[in-house]
Amino acid sequence: MNMFSHELKAYRKSTIIWTCSLITLVVLFLSLFPAFSKEAEAFKGIMKGFPEPVRKAMGLSVDSMSSILGFYSYMFLYTTLCGAIQAMNLGTSIISKEVREKTADFLLTKPVTRTEIMTSKLMAALTCLVITNVAYLVASSIMVSFVSTKDYSYKLFFMISITLFFIQLMFLALGIIISVVMPKIKSVLPISLGTVFTFFIIGMFAATSGDGAMRYITPFKYFDTNYIIKNSSYEISFIIIEILFIVAAIAASYFVYSKKDVHAV
C-alpha cells in the first residue's frame, strides 16, 4: 500500500496535466461543432475536394461529419493519440525509473517481493489512467450535450469514448514490457513518442490502403468508430487480440522482472 500511494503521489502532477490536456482538447474541438453544423453542406463540399486516401488517413467521413457523433469521432482520433502517449510514457517510466534514478538498490532491499513491487506499480498506473478517463468522460459528456443540436445516442457516445481506455491499456502493457526488457532507459520520452507515432502512422497507412491485415498491427485501428456507430458493438476479433496481448505482456513483464539482474549503483 505504501508503494502504491508513493507511485500515485509521484505521478499525480503528470496525471493532472494529461487529464487537463485531454479535457482542453475535447472542449476546443467540440466548441467548433455549432458553427460547423450551420455550414455543414459547405464543409462537406470542401472535404469532398480532398482525395479519398487523405480523408481516410485523417479520419474524415463526409457522410457522418454533420452529426455530433460523426464530428466527435473525427476529433477522437487525436484524443486517442494523446492518451496513448500518456499510457506509453507511464508504462515505460514506472518500472525503469528505479534504475534511472538510482533507487533500485534501496527499493529491492525492502522486505517485499518483486511481484509485490510490480503489482503496486501496475495498480498505480491503472489508477492514473482510470482517473484520467473518468474526468475525460464527464467533461466530454457535458460538452457534447451542451453543443449538440439534435438527439444523439449516449450509448454510442460512451462506447466510442471508453475505447480511449482500451487503447491506453495496450500501450501501458507495451510500455511495461519494454521497460523490463531494456537494461536501462536513459530517457522515456523518445521511446514513448517514437513507439506511439510509429503505430499511428501504420494506422494511417492501414486506413488509406484498405488492408485489413494491417489493422491488427496497430491499436489505433482496433476500434473503428464508424463500425461502432453503425453496429452499436465492437469487433470481437480485435477485443480478443487485445485481451491476449495485454495478458501476455503483463505476464511476461512479471516473469522477466522477477528474474532480472538489477545492477547496483
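Visitor: In which hand, left or right, does α8 pass α9?

Guide: Good place to start! In this predicted model, α8 passes α9 in a right-handed crossing.

Visitor: How do people describe two helices that pack together?

Guide: The general idea is that a packed pair is described by the angle between the two axes and by the distance between them. Now try it here. Helix α8 covers residues 114-147 and helix α9 covers residues 154-181. Their axes come within 10 Å and cross at roughly 155°. An angle over 145 degrees counts as roughly antiparallel, so α8 is roughly antiparallel to α9.

Visitor: Which residues make the contact between α8 and α9?

Guide: On the α8 side, look for M118, L122, A125, L126, L129, V130, N133, Y136, L137, S140, S141 and V144. On the α9 side, find Y154, F157, F158, S161, L164, F165, Q168, L169, L172, I176 and V180. Sorted by class, this contact of α8 with α9 has 18 nonpolar, five polar and no charged residues.

Visitor: At what angle do the axes of α2 and α8 cross?

Guide: The axes of α2 and α8 cross at roughly 20° and come within 9 Å. Angles under 35 degrees count as roughly parallel, so α2 is roughly parallel to α8. The crossing, in which α2 passes α8, is right-handed.

Visitor: Which residues of α2 meet α8?

Guide: From α2 come T15, T19, L22, I23, V26, V27 and L30. They meet C128, I131, T132, A135, Y136, A139, S140, M143, V144 and V147 in α8. By class, the contact of α2 with α8 has 13 nonpolar, four polar and no charged residues.

Visitor: How do α9 and α10 pack?

Guide: Helix α10 spans residues 188-209, and α9 packs with α10 at an angle of about 135°, with their axes 12 Å apart. That angle makes α9 oblique to α10. The crossing of α9 and α10 is right-handed. Here F171, L174 and I178 in α9 meet I191, T195, V196 and F199 in α10. The residues of this contact of α9 with α10 are six nonpolar, one polar and no charged.

Visitor: Let me ask about empty spaces. How many cavities of 30 Å³ or more does a search of the whole structure find?

Guide: The search finds three cavities of 30 Å³ or more. Take the second largest cavity, with a volume of about 60 Å³.

Visitor: Which residues line the second largest cavity?

Guide: Its lining is made of Y11, S14, T15, W18, Q86, N89, L90, S93 and C128. Two elements, α2 (12-30) and α6 (68-100), give two or more residues to the lining of this second largest cavity. The largest share, four residues, comes from α6.

Visitor: How do the lining residues of the second largest cavity divide by class?

Guide: They divide into four nonpolar, five polar and no charged. You can also spot two residues from our earlier contact: T15 and C128 line this cavity, and T15 in α2 and C128 in α8 belong to the contact of α2 with α8.

How values were computed
Residues are numbered from 1 along each chain as its sequence is written. This is a predicted model: local features need pLDDT of at least 70, side-chain atom pairs count only at pLDDT 80 or more; totals for chains, interfaces and linings use all residues. Side-chain values use heavy atoms; hydrogens and water are left out. Axes are lines fitted to C-alpha atoms, for helices over the stretch in contact, and angles run from 0 to 180 degrees between N-to-C directions. Angles under 35 degrees count as roughly parallel, over 145 as roughly antiparallel, 65 to 115 as roughly perpendicular and the rest as oblique. A crossing is left-handed if the near helix is turned anticlockwise from the far one by less than a right angle, and right-handed if clockwise. Contact means heavy atoms within 4.5 Å. Ala, Val, Leu, Ile, Met, Phe, Trp, Tyr, Cys and Pro count as nonpolar, Asp, Glu, Lys and Arg as charged, and the others, Gly among them, as polar. On a 1 Å grid over the protein atoms alone, a cavity is a set of points where a 1.4 Å probe fits but cannot get out, and a pocket is an open set with protein on both sides within 12 Å along at least five of seven lines; lining residues have an atom within 4 Å of a point. Grid points are joined across faces, edges and corners, and a volume is the space filled by probe spheres set on the points.
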